[in-house]
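Me: I have a structure open and want to go through it piece by piece. Can you take some questions?

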Amino acid sequence: MLNYKYCFPDYDDTLPSLEGFSDCSYKNDTCPSISKEINKDVYLILYCDYKNPNLSEYPNIDTGNGVYNRFVLMLDQPMVECNAKLLELFPTIEDVEQFISKHTLEDFLNMEDQT
């Protein structure tokens with residue numbers, strides 16, 4: 001059984017398939033997630049909220065444009081920082097892919113936390 005299906009049996013979608021990312025869902029999170037190690041102990045984590053915003057714990061996450069941003073990209077450096085850094089919110093997986101493809105490890109490390 002896939003981890004997200006065990007942790008979130010009511011999840012209303014399948015996790016996206018992004019190159020190098022794998023299911024890292026944890027039952028105490030608000031939604032399923034996938035992650036990819038991009039350098040030693042540096043990870044991109046993509047939280048994939050429910051397709052139906054009414055099932056989300058945060059249905060009103062938007063950047064001021066009224067769009068439901070169901071994908072949240074974080075940078076995690078557990079050996080350096082206690083909390084992961086919020087990089088960006090996205091309404092579609094295509095937006096996530098485009099964002100990731102345009103940035104390097106150094107870009108991610110130098111980005112400001114968006115929280």
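Reply: What follows covers a helix, the cores, a pocket and a few single residues, all in a predicted model.

Me: Start with H2. Which of its residues are buried?

Reply: Helix H2 spans residues 93–101, and its buried residues are Ile93, Val96, Phe99 and Ile100.

Me: How are those buried residues arranged around the axis of H2?

Reply: They fall within an arc of 120° when H2 is viewed down its axis, so they line one face of the helix. As background, an α-helix has 3.6 residues a turn, so residues three or four places apart point the same way.

Me: And what is exposed on the other side of H2?

Reply: Glu94 and Ser101 are exposed there.

Me: What covers the buried residues of H2?

Reply: The cover includes strands E3 (42–48), E4 and E5, together with helix H3 (105–110).

Me: Take Val96. What does it touch, leaving out residues up to four places away in sequence?

Reply: Val96 touches Leu18, Leu46, Phe71 and Phe90.

Me: On to the largest nonpolar core. How many residues, and which have the most contacts inside it?

Reply: There are 25 residues in that core, and Leu44, Leu46, Leu73 and Val96 have the most contacts inside it. So Val96 comes up twice: as a buried residue of H2, and among the residues with the most contacts in the core.

Me: Which elements supply at least two residues each?

Reply: Helix H1 (3–7), strands E3, E4 and E5, and helix H2 each do.

Me: What does the second core include?

Reply: That core is separate and has 5 residues, including Ile45, Val72, Met74 and Leu89.

Me: Now the largest pocket. What is its volume, roughly?

Reply: About 240 Å³.

Me: Which lining residues lie nearest its centre?

Reply: Of the 13 lining residues, Thr30, Tyr47, Tyr58, Val72 and Met74 lie nearest the centre. Val72 and Met74 also belong to the second core.

Me: Which elements give two or more residues to that lining?

Reply: Strand E4 (71–76) and strand E5 (85–90).

Me: And the lining by class?

Reply: It has 8 nonpolar, 2 polar and 3 charged residues.

Me: Change of topic. Where is Gln114?

Reply: Gln114 is in the segment after H3. With a relative accessible area of 47%, Gln114 is partly exposed.

Me: What is Gln114 in contact with, leaving aside neighbours within four places in sequence?

Reply: Leu86 and Leu87. For Leu86 the C-alpha to C-alpha distance from Gln114 is 5.3 Å, and the two are 28 residues apart in sequence.

Me: What about the backbone at Asp41?

Reply: Its phi is near 60°, a positive value in a residue other than glycine. Asp41 sits in the loop between strand E2 (33–39) and E3. At 28% relative accessibility, Asp41 is partly exposed.

Me: Is Ser17 buried or exposed?

Reply: Ser17 is exposed, at 71% relative accessibility. Its place is the loop between H1 and strand E1 (22–23).

Me: How many Å separate the C-alpha atoms of Ser17 and Asp41?

Reply: They are separated by 22 Å, with the two positions 24 residues apart along the chain as the offset.

Me: Last one, Thr92. Where is it found?

Reply: Thr92 is in the loop between E5 and H2. At 29% relative accessibility, Thr92 counts as partly exposed. Its C-alpha atom is separated by 19 Å from that of Gly20, and the two are 72 residues apart along the chain.

Key:
Residues are numbered from 1 along each chain as its sequence is written. This is a predicted model: local features need pLDDT of at least 70, side-chain atom pairs count only at pLDDT 80 or more; totals for chains, interfaces and linings use all residues. Side-chain values use heavy atoms; hydrogens and water are left out. On a 1 Å grid over the protein atoms alone, a cavity is a set of points where a 1.4 Å probe fits but cannot get out, and a pocket is an open set with protein on both sides within 12 Å along at least five of seven lines; lining residues have an atom within 4 Å of a point. Grid points are joined across faces, edges and corners, and a volume is the space filled by probe spheres set on the points. Helices (H or I, at least four residues) and strands (E, at least two) are DSSP runs, numbered from the N terminus. Ala, Val, Leu, Ile, Met, Phe, Trp, Tyr, Cys and Pro count as nonpolar, Asp, Glu, Lys and Arg as charged, and the others, Gly among them, as polar. Buried means under 20% relative accessible area, exposed over 50%, partly exposed in between (1.4 Å probe, protein chains only). The arc is that of the directions from the helix axis to the C-beta atoms. Contact means heavy atoms within 4.5 Å. A nonpolar core is a set of buried Ala, Val, Leu, Ile, Met, Phe, Trp, Tyr and Cys residues joined through side-chain atoms within 4.5 Å.
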